[in-house]
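Reader: Hey, got a minute to go through this one with me? I'd like to start with a single residue and then look at a pocket.

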Amino acid sequence: MGTTRKITRLRGGDILAVDEYHDGRYGSPGMPRQKKKKPTKEEMRRVNEANKTRRCQHRLLEYFTAGDYFATLTYRVDARPPDMKTAKAHWNKFIRMVRREYRKRGAHLFWIRNIEQGTKGAWHIHLVISRIPETADILDEAWPYGGIYLTQIKKSKYYSEDFAELASYITKSEHSREKKADGTPAAPRIREASYGTSRNMPLPEPKKEKLARWPKEAKPKKGYYIARIHEGINPVTGYKYRRYTMIRIHRRI
């Protein structure tokens with residue numbers, strides 16, 4: 001024993017987010033291990049960032065569809081906030097107005113946002129928001145500081161069926177690095193970032209299974225296909241981990 005499979009049922013079971021990992025007990029068959037070492041602060045930060053992105057992906061899959069909106073709120077030069085505290089105050093005023101308008105229409109408001117200051121001083125907010133017929137007008141009326149660029153998630157360049165790319169993009173931080181054509185890290189583009197979500201998006205508790213040994217490969221459950229797989233080495237345990245998303249072939253919604 002010693003391997004755990006954690007399955008999170010999303011969208012009523014139409015989507016299964018699977019995490020497989022070693023649970024910390026040693027001597028498990030089929031689990032080659034890297035040399036044990038104390039993880040660095042940088043390695044721990046990467047683990048925490050990956051977990052944040054994974055939770056974001058789960059919320060996107062549970063509460064949003066490809067027809068909802070991905071928006072960028074920009075600032076005019078003369079309206080730029082002097083610091084993150086002010087940017088958050090702008091956001092809070094904006095989302096209160098948006099929430100009020102959604103309530104007037106009897107609609108649920110779900111949102112995920114990232115406030116970002118670029119290394120050259122410009123500010124903007126990336127936003128995923130649940131769509132209603134008047135969303136564009138509501139956002140425009142509530143944001144007096146600059147422009148709004150709005151598109152459906154499925155029409156954005158960050159769309160993928162498992163929302164992994166969108167989750168990665170909207171959880172960026174000052175530590176994030178894009179890769180250049182030769183595969184080396186590019187210079188940082190964010191000076192400061194603040195990620196947040198609406199409070200009305202709880203995630204279901206995952207179901208845990210104990211496995212006799214590490215599976216050599218991921219296999220889809222009957223009636224599902226695997227949309228994407230990611231494998232790596234956890235710097236804390238030194239063991240492999242695997243994350244993948246299964247989608248029902250004939251989805252009900």
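Author: Sure. Keep in mind that this is a predicted model. Let's begin with Arg243, which has a relative accessible area of 18% and is therefore buried, as the cut-off is under 20%.

Reader: Which strand does Arg243 lie in?

Author: Arg243 is part of strand E10, which covers residues 240-248.

Reader: And what does its side chain make polar contacts with?

Author: One partner is the side chain of Asn51, at 2.7 Å. The side chain of Asp19 is another, with a polar contact of 3.1 Å.

Reader: Which residues is Arg243 in contact with, leaving aside neighbours within four places in sequence?

Author: Asp19 and Asn51 show up again, along with Val18, Ala50, Arg54, Arg228, Ile229 and His230.

Reader: OK, pocket time. What volume does the second largest pocket have?

Author: About 280 Å³. Its lining has 19 residues, and Arg5, Ile7, Glu209, Lys221 and Met246 are the closest to the centre.

Reader: How does that lining split by class?

Author: There are 10 nonpolar residues and nine charged ones, with no polar residues.

Reader: Which strands each supply at least two residues of the lining?

Author: E10 does, and so do strand E1 (3-10), strand E2 (15-22) and strand E8 (207-211).

Reader: Switching to Arg99: where is that found?

Author: Arg99 sits in helix H2, residues 84-104. Its relative accessibility is 27%, so Arg99 counts as partly exposed.

Reader: What does Arg99 touch, not counting residues up to four places away in sequence?

Author: Leu109 and Trp111.

Methods
Residues numbered from 1 in each chain as written. Predicted model: local features only at pLDDT ≥ 70, side-chain atom pairs only at ≥ 80, totals over all residues. Heavy atoms only, no water. Helix = DSSP H or I, 4+ residues; strand = E, 2+ residues; numbered from the N terminus. Buried < 20%, exposed > 50% of the residue type's maximum accessible area, 1.4 Å probe, protein only. Contact = heavy atoms within 4.5 Å. Polar contact = N/O pair within 3.5 Å; in protein donor to acceptor, adjacent residues only side chain to side chain. 1 Å grid on protein atoms, 1.4 Å probe; cavity = no way out; pocket = protein on both sides within 12 Å on 5 of 7 lines; lining within 4 Å. Points joined across faces, edges and corners; volume = space filled by probe spheres on them. Nonpolar A, V, L, I, M, F, W, Y, C, P; charged D, E, K, R; others polar.
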